[in-house]
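Please open the model in your viewer and keep the side chains ready to display, since this tour moves from one aromatic ring to the next.

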Amino acid sequence: MTDTLLDVVRGYIDSRTAADGMALAPIAGLTIIRALQPSGLDHAITRPLVCLVLQGRKRVMMGTDIFTFGAGDSLLITADVPTVSQITEASGEAPYISLVIDLDPALLTELMEEMKAVPVTDAAPIRIEPTDTEVAEAVLRLMRLLGRPASAAVLHASLMRELHYWLLAGRHGPAISRLGWPDGHAQRIARAVTVLRTEFHRPLPVERLAGVAGMSVSSFHQHFRKQTSLTPLQFQKQLRLIEARRLMLGEGASASSAAFSVGYESVSQFSREYRRLFGLPPARDASVAC
């Protein structure tokens, strides 16, 4: 099944992807990624997702934990966590190819109620497992819709529901289940994360974030760090720095312009924190973009 899925994905991207191997987002909730060579380090605060690797290899780091995976494996991320990723095996003859599926907590909640599933509250936010056959088959059916827009409009929702069902019923089920626990800690922290992602450039008092999560300040701090591995302030800082880097590399912004755009009042503080996260001064990235 994996070989068949790889063939379908290859056929799709060979006719539609530019030579630089940019990522594609053909339908909602599904992204195709192709890389023609090993990559540098990519810093991100990743949303809950499952990534099916069809060809090549990749490494993801969260803190001191390192996860290495390749063709036939699925990477599961069940929380908004800071990651550093790197494609380690890719070439023009055998590109790195993966499919990324966004996890829908509302859909998981609905399915868990129907399945009478019991949530697991203490699962690690990142894990690697072999891809379940049923999951690969559901994704294959999704891929086959890409050239048929009229069919995709009708069948997309039901196929995404089926895919989430098989993820819950398979190897990743216990870890994914915490995302679908109504008003559980994962969903409460997710509400605060939504505010952080939307308003990261503004001052955000922790009392406001705790209120959004429906928790006391002390409980919010505890559960936020347990779920994301960061404090709320560290989380906001990384969002700012990652966006600043995107502005410099992707839009040619200067270091000072990027710093002020993401909410910094001091360029020198921005430069110190940027170097601490990325290992080089922001002016270096700004000059590369130019």
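Rings of Phe, Tyr and Trp, the last by its six-membered ring, count as a pair if their centres lie within 6.5 Å. In this predicted model, ring pairs that satisfy this link Tyr264, Phe270, Tyr274 and Phe278 into a cluster, so select those four residues to begin.

With the cluster still displayed, add two arginines. The charged end of Arg240 sits over the ring of Tyr264, 5.8 Å from the ring centre, while the charged end of Arg245 sits over the ring of Phe278, 4.4 Å from that ring's centre.

Next, turn to the wider set of ring contacts, for the structure holds six aromatic pairs. Select Phe220 and Phe224, whose rings form a tilted pair with 5.4 Å from centre to centre and 50 degrees between the planes. Both residues belong to helix H8, which spans residues 217-228, and because they are four residues apart there, about one helical turn separates them. Phe220 has 0% relative accessibility and therefore counts as buried, and Phe224, also at 0% relative accessibility, counts as buried as well.

Keep Phe224 selected and add Phe235. The centres of these two rings are 5.4 Å apart and their planes stand at 80 degrees, so the pair is edge-to-face, planes over 60 degrees apart being classed that way. Phe224 lies in helix H8 and Phe235 in helix H9, residues 232-251, so this pair ties together parts that are eleven residues apart in sequence. As a last check, colour by accessibility: are Phe224 and Phe235 buried or exposed? Both are buried.

Terms used:
Residues numbered from 1 in each chain as written. Predicted model: local features only at pLDDT ≥ 70, side-chain atom pairs only at ≥ 80, totals over all residues. Heavy atoms only, no water. Phe/Tyr/Trp six-rings, centres within 6.5 Å; stacked < 30°, edge-to-face > 60°. Helix = DSSP H or I, 4+ residues; strand = E, 2+ residues; numbered from the N terminus. Buried < 20%, exposed > 50% of the residue type's maximum accessible area, 1.4 Å probe, protein only. Lys NZ or Arg CZ within 6 Å of the ring centre and 35° of its normal.
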